[in-house]
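This report describes aromatic rings and helix packing in one protein model. Please look over the sequence and the structure before reading on.

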Amino acid sequence: FPYTTLFRSRLDPRIVVVHQSNKGVSAARNAAIERARGEWIGFADADDSMDSRRLAHFDALIRSAEAPDIASLSGMLDVVADGDSAQMQAGCMRLEQAREIAANASLSGIAVREGDSARTFALEHFAKDGWPFLNVVRHDFLGATRFTEGVRIKEDILFFMDLALRVKKVAFAHCPGYFYT
């Protein structure tokens, strides 16, 4: 359990730490959705981190698209914190390198799609890259959609494909800043 999250939760009432028995990532995300009160919902893996400006980049994308149902911000950087040589050869970088790339990054390639074009774009995008941490979803658009509990791999793709089938407006841009470990 990340102690920094527990510490921040005591300083910021918007951060809520949920304690429950281990039922898997889908159950954890569903519990978070049930407790969420904000306008937008996003997800991050417990072992990953992000550039401090990432949420501001999402905000800029959402504002430029005038409130889409889903905002998707590519820019995942594969990192290895301990310098594992096999991972480094596989294209991973040190966290310090990833932070430097993100520090110099800005939004690029902003695209907004609506109607059938939004659904087609979302279906193609989520089938290929259904990573939940690259997207935020407008809370009221989410409705009853939840992660399928008991599915151990690719549960995030199922979740986002369900959303893609009914999306009316999606915004997409590129900006490095999510550090995937």
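## A buried phenylalanine and its partners

The model is predicted. A starting point is F159, which counts as buried because its relative accessibility is 2%, under the 20% cut-off. Its neighbour in sequence, F160, is also buried. The rings of F159 and F160 form an edge-to-face pair, since their planes stand at 90 degrees, with the centres 4.9 Å apart.

In total, the structure holds 6 aromatic pairs. In another of them, the rings of F147 and F159 lie with their planes at 5 degrees and their centres 3.9 Å apart, so this pair is stacked. F147 belongs to the loop between α7 (139–142) and α8 (155–164), whereas F159 is in helix α8, so the pair ties together parts 12 residues apart in sequence. F147 is buried as well, at a relative accessible area of 3%.

## The ring cluster and charges over rings

Ring pairs join F43, F126, F147, F159 and F160 into a cluster. One member of this cluster, F147, also has a charge over its ring: the charged end of R29 sits there, 5.3 Å from the ring centre.

A second arrangement of this kind involves R166 and F141. Here the charged end of R166 sits over the ring of F141, 4.6 Å from its centre.

## Packing of α6 against α8

Two packed helices are described by the angle between their axes and the distance between the axes. For helix α6 (residues 115–128) and α8, the angle is about 175 degrees and the axes are 9 Å apart. The two helices are therefore roughly antiparallel to each other, as the angle is over 145 degrees.

Which residues make the contact between α6 and α8? From α6 come R119, A122, L123, F126 and A127, and from α8 come I157, F160, M161 and A164. By class, this contact has 8 nonpolar residues, 1 charged residue and no polar ones. F126 and F160, both found in this contact, are also members of the ring cluster.

## Buried residues of α2

Helix α2 spans residues 25–35, and its buried residues are S26, A27, R29, N30, A31 and I33. R29 is thus a buried residue of α2 as well as the residue whose charged end sits over the ring of F147.

What covers the buried residues of α2? The covering elements include β1 (40–42), α7 and α8. Helix α8 therefore appears both in the cover of α2 and in the roughly antiparallel packing with α6.

Note on methods
Residues numbered from 1 in each chain as written. Predicted model: local features only at pLDDT ≥ 70, side-chain atom pairs only at ≥ 80, totals over all residues. Heavy atoms only, no water. Phe/Tyr/Trp six-rings, centres within 6.5 Å; stacked < 30°, edge-to-face > 60°. Helix = DSSP H or I, 4+ residues; strand = E, 2+ residues; numbered from the N terminus. Buried < 20%, exposed > 50% of the residue type's maximum accessible area, 1.4 Å probe, protein only. Lys NZ or Arg CZ within 6 Å of the ring centre and 35° of its normal. Axes fitted to C-alpha atoms, helices over the stretch in contact; angles between N-to-C directions. Parallel < 35°, antiparallel > 145°, perpendicular 65-115°, else oblique. Contact = heavy atoms within 4.5 Å. Nonpolar A, V, L, I, M, F, W, Y, C, P; charged D, E, K, R; others polar.
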